[in-house]
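Here's a quick look at a structure with ligands and a helix to pick apart. Have the sequence and the coordinates open while you read.

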Amino acid sequence: MVGPKNNGIAGAAAPSRGRFTNTGNGPTFQIIDIDHPEYMAVIDPDTAFWSLVRREKLANVLSGDLPKAYAKKTKQFAVEMNGLRFGLTPSAVYFNPTERCNMNCTYCYIPEKMRREGEHMPVEKLLAALEILKQYFRKSMPKGSMPQIIFHGAEPLLNRDAVFTGIEEYKNDFLFGIQTNATLLDDAAVEFLTSHHVSIGLSLDAPTAKIADRTRKNWDGQGAFKQVTSAMRRLNGYEGWSIICTITSANLRHLTGLVDFFHEQEVPTCLMNILRCTLSPSRSLKPGDTEAAKYFLSALDRTYELYQQTGRRLPVGNFANILLAIIAPAARRLMCDISPCGGGRCFFALAPNGDMFPCSEFIGLDRFRAGNLFTDDISAVHESEPFRLVTGRKVENIEPCRRCAIRHFCGSPCPAEAYEMNGDMNKTGAFCEFYEEQVRYAFRIIADGKVDAYLWDDWDKGMKNTFNIVGG
Ligand code: SF4
Ligand code: SF4
């Protein structure tokens, strides 16, 4: 048998005009069951264009209203998505002013030896680092915008004098934040930080000492619950504070109670982050996806109930961010659920000796040390191989994410986990179904018109949303 031959007819192939859904250059729509009685979600995975469609009107997906709406908006969606994924430049630094910590939390991403015996960054070095960063951001960021410095773990307040001197001297150059285990947050520290408008993040995993102290304890095994709750009382009334809870198998069943506790204590906003499984000790606390989703979504339900009862919101920042990824992608505040993630692209992490890493999650992984702030050019470090490994990790190259309709709402976090736990950047991290369930939940609350209850007051300040409900 002889196959078809080139018969010599010249001319370019005629491109498809994109008239038909799911063929040629037409829109590609994937239909997602969001477990809602009336609506299904329809998504173009490449641009993250989406629509909620009444179940009985799904035929509109193939012809009619939806392709028309898509044709009108596709360019805007594609430009916005491309800008978010590839057009952002660094505007923040996670600054570790010490390697040491007075706590020994089970899931910490900083190696134990470093936390026990590590070094503080001397005050002169800390000031020199801030000066270098100031000059760098002055050139790289638009005039009038302020870069952020977040003093981060180990425990920054162990090097308190240096940190406070830095904040005092550079208060006009950076927006400062601090993430602390709260054990050293005394009245004087609260007074200094609040009067300098520093954002303060505490860590607490459960509403009772019995559960919270299982994972967050000092080197002698004493938990921090009491100290954290007294710091919460000191911060009551200050707008710029929040709490991070890490979801593990040890506190999973207490998330709803934690929401009640946070609401009662008037916590302005919180994060309930699923455990990162980058280092092996933390993997002993890894919850299953199904269980994690069940309890996390119940906790979100509770924030809604409390809002209805009291009129006061408790936004859970990491979920709010997924919601924003769907309704107003440019309003996202966190950068774990976009691909490439924000590590090495929107921010980077600085170790106490000046070594630079794409994200704090990589501190302790020598392979990702990319240069030193005091000896290397920051822009060159951003082009280095360790940074490129992270900034070049795209959902399109990860199985099964490349086929997943919600890949631009999930982002397939986290590269550090993928590399350390699953052996390759182009693998998924520790969780997948947990994110699937969150995105389905987000679509359900959009369908039910409950979005505002889950977001911050000013989430839409200056933002255009991309709401699109067909057949509603
Ligand atoms: S996904 Fe991981 S590496 Fe990326 S920003 Fe989040 S924690 Fe950092
Ligand atoms: S991790 Fe799972 S939910 Fe997230 S993009 Fe990949 S396949 Fe989709």
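How do the residues of the shell around ligand 2 divide into nonpolar, polar and charged? In this predicted model, that shell has eight nonpolar residues, two polar and two charged. Four cysteines are easy to look up there: Cys 401, Cys 404, Cys 410 and Cys 432 are among the residues surrounding ligand 2, along with others including Arg 407, Tyr 435 and Glu 436. Two helices, α14 (407-410) and α16 (433-447), each supply at least two residues of the shell.

Ligand 1 has its own set of neighbours, including Met 335, Cys 336, Cys 341, Cys 359, Glu 361 and Cys 414. Here are both shells by residue class:

| Shell | Nonpolar | Polar | Charged |
|---|---|---|---|
| Ligand 1 | eight residues | two residues | one residue |
| Ligand 2 | eight residues | two residues | two residues |

Now for helix α10, residues 289-310. With 22 residues at 1.5 Å each, α10 should span 32 Å, and its end C-alpha atoms sit 31 Å apart, which agrees. Which residues of α10 are buried? They are Ala 292, Ala 293, Phe 296, Ala 299, Leu 300 and Thr 303. Looking down the axis, these buried residues fall within an arc of 130°, so they line one face of the helix. That fits the usual pattern: an α-helix has 3.6 residues a turn, so residues three or four places apart point the same way.

The cover over that buried face includes β8 (241-247), α8 (255-264), β9 (270-274), α11 (317-327) and α16. Over on the other side of α10, Thr 290, Gln 308 and Gln 309 are exposed. After α10 comes Gly 311, with a positive phi near 80°.

Notes:
Residues numbered from 1 in each chain as written. Chains lettered and ligands numbered in written order. Predicted model: local features only at pLDDT ≥ 70, side-chain atom pairs only at ≥ 80, totals over all residues. Near = placed C-beta within 6 Å. Helix = DSSP H or I, 4+ residues; strand = E, 2+ residues; numbered from the N terminus. Nonpolar A, V, L, I, M, F, W, Y, C, P; charged D, E, K, R; others polar. Expected span 1.5 Å × (residues − 1). Buried ≥ 20, exposed ≤ 12 C-beta atoms within 10 Å, placed from the backbone. Arc of directions from axis to C-beta. Contact = placed C-beta atoms within 7 Å.
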